[in-house]
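User: Please take a close look at the surroundings of the ligand, and set them against a few other positions in the chain and the overall architecture. I would like one connected account, with the values given as they stand.

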Amino acid sequence: MSDLVESRADSTLAEFTADVCRRLASGLLDRTGDDLRDLVAQEVDGLRAALSDPSFLDTADAPSDPPFVSPKGYTTINTNPVTSRRNPLAPLVTIEHDGDVVEMTTTLSLPYQGPRGRVHGGYAAVLLDHVLWHAVRSRLDSVSFTRSLTITYEQALPIGTELTMTGRVTEIDGRKTFAAGEIKAGDVVCVRGEGLWVSPRPRT
Ligand SMILES: CCCCCCCCCCCCCCCC(=O)SCCNC(=O)CCNC(=O)[C@H](O)C(C)(C)COP(=O)(O)OP(=O)(O)OC[C@H]1O[C@@H](n2cnc3c(N)ncnc32)[C@H](O)[C@@H]1OP(=O)(O)O
């Protein structure tokens with residue numbers, strides 16, 4: 001186990017604060033006037049309570065992304081805009097590996113909206129890039145970077161509905177790894193993606 005760089009209470013406070021930011025980001029887009037004021041006041045009260053009385057967060061989930069010291073000695077904070085619980089830009093996601101298949105679930109709210117009621121196409125690409133990268137990572141010993149990613153939008157991807165992203169490797173050819181996957185809402189495949197991940201050339 002790596003060394004943690006802050007107390008469990010501070011990691012819990014950080015993730016609680018990120019959750020407050022997530023709720024405010026949504027609230028700013030679906031509330032106005034007094035409704036919005038009520039939400040802001042409630043969240044500010046919660047933050048004040050959490051700061052002044054650490055036991056306020058005793059029933060919160062265990063921190064899922066506490067900063068740690070890497071084996072090379074660097075303080076590492078998970079900044080990822082898809083999976084970090086501590087990054088308010090990231091929605092709440094689950095990720096599971098089942099053999100060669102990686103599955104991720106999330107439900108997106110208004111900050112991710114493009115056309116009314118639909119997820120912004122660029123964010124759909126972010127989700128697919130992420131799940132496919134995980135599928136590739138699980139098959140390689142080395143790091144790799146997205147070289148190309150082709151997205152096909154088959155159907156509207158709905159806001160406010162649980163989405164399932166699935167990714168799998170289709171071919172490995174030296175430094176090149178090809179992967180493909182899709183995003184479903186219920187049983188409907190809404191978005192497909194396929195791409196190439198390349199590991200950097202070994203240093204000579
Ligand atoms: C440690 C624990 C971790 C766990 C904790 C997680 C934390 C971490 C989370 C990170 C989560 C990230 C999730 C998303 C993944 C990103 O977001 S990655 C970021 C976005 N991508 C980038 O920044 C990549 C930018 N590009 C590059 O750096 C360089 O192009 C690359 C990828 C290193 C490749 O460079 P290169 O080696 O010079 O490439 P090149 O020789 O031109 O091409 C390599 C081969 O691919 C072929 N090729 C190139 N393009 C194509 C194409 N379109 N079709 C077919 N073949 C092609 C070439 O012909 C060549 O083939 P060979 O001649 O070798 O047979």
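## The ligand shell and its setting

Analyst: In this predicted model, phenylalanine 68 counts as partly exposed because its relative accessible area is 29%, a value that falls between the 20% limit for buried and the 50% limit for exposed residues. Phenylalanine 68 belongs to strand β1, which covers residues 68-69, and its C-alpha atom is 41 Å away from that of glycine 33, although 35 residues separate the two along the chain.

Aspartate 61 sits in the loop that links α2 (33-52) to β1. With a relative accessible area of 57%, aspartate 61 is exposed; when neighbours within four places in sequence are set aside, its contacts are Thr12 and Arg85. From the C-alpha atom of aspartate 61 to that of glutamate 171 the separation is 39 Å, for two residues that are 110 apart along the chain.

Turning to the ligand itself, 14 residues surround it, and those that come nearest are Thr146, Arg147, Arg175, Lys176 and Arg201. By class, this shell is made up of 6 charged, 4 polar and 4 nonpolar residues. Particular atom pairs can be given for some side chains: a polar side-chain atom of arginine 175 is 2.7 Å from a ligand oxygen, and for lysine 176 the corresponding distance from a polar side-chain atom to an oxygen atom of the ligand is 2.9 Å. On the side of aspartate 129, an N or O atom of the side chain is 3.5 Å from an oxygen atom of the ligand. As for coverage, the ligand taken alone exposes 1,400 Å², of which the protein buries 48%. Two or more residues of the shell come from each of α3 (121-137), β5 (145-153) and β8 (188-198).

Between two of those elements, in the loop that joins α3 and β5, lies serine 144. Is this serine buried or exposed? Serine 144 is buried, because its relative accessible area is 3%, and the limit for that class is under 20%. Apart from neighbours within four places in sequence, serine 144 is in contact with Trp133, Val136, Trp197, Val198 and Ser199.

An annotation can be laid over this part of the chain, with the caution that its source is an unreviewed entry: UniProt lists residues 117-187 there as "domain: Thioesterase". In the model, residues 117-187 are 24% helix and 44% strand, and the C-alpha atoms at the two ends of this stretch lie 18 Å apart.

For the chain as a whole, the secondary structure amounts to 3 helices and 8 strands, in the order α-α-β-β-β-β-α-β-β-β-β from the N terminus. Taken along the principal axes, the C-alpha atoms fill a box of roughly 55 × 45 × 30 Å. The chain has 204 residues, 35% of them buried, and it exposes about 12,200 Å², with carbon and sulfur atoms supplying 50% of that area. Of the contacts between residues at least 6 apart in sequence, 61% join residues that are at least 24 apart.

How values were computed: Residues are numbered from 1 along each chain as its sequence is written. This is a predicted model: local features need pLDDT of at least 70, side-chain atom pairs count only at pLDDT 80 or more; totals for chains, interfaces and linings use all residues. Side-chain values use heavy atoms; hydrogens and water are left out. A residue is near a molecule or strand if one of its heavy atoms lies within 4 Å of it. A polar contact is a pair of N or O atoms within 3.5 Å; within protein, one must be able to donate a hydrogen and the other to accept it, and residues adjacent in sequence count only if both atoms are side-chain atoms. Accessible areas come from the Shrake-Rupley method with a 1.4 Å probe; for residues, only the protein chains shown count as cover. Helices (H or I, at least four residues) and strands (E, at least two) are DSSP runs, numbered from the N terminus. Ala, Val, Leu, Ile, Met, Phe, Trp, Tyr, Cys and Pro count as nonpolar, Asp, Glu, Lys and Arg as charged, and the others, Gly among them, as polar. UniProt positions are given in the numbering used here, feature names are shortened, and annotations may be inferred rather than shown by experiment. Buried means under 20% relative accessible area, exposed over 50%, partly exposed in between (1.4 Å probe, protein chains only). Contact means heavy atoms within 4.5 Å.
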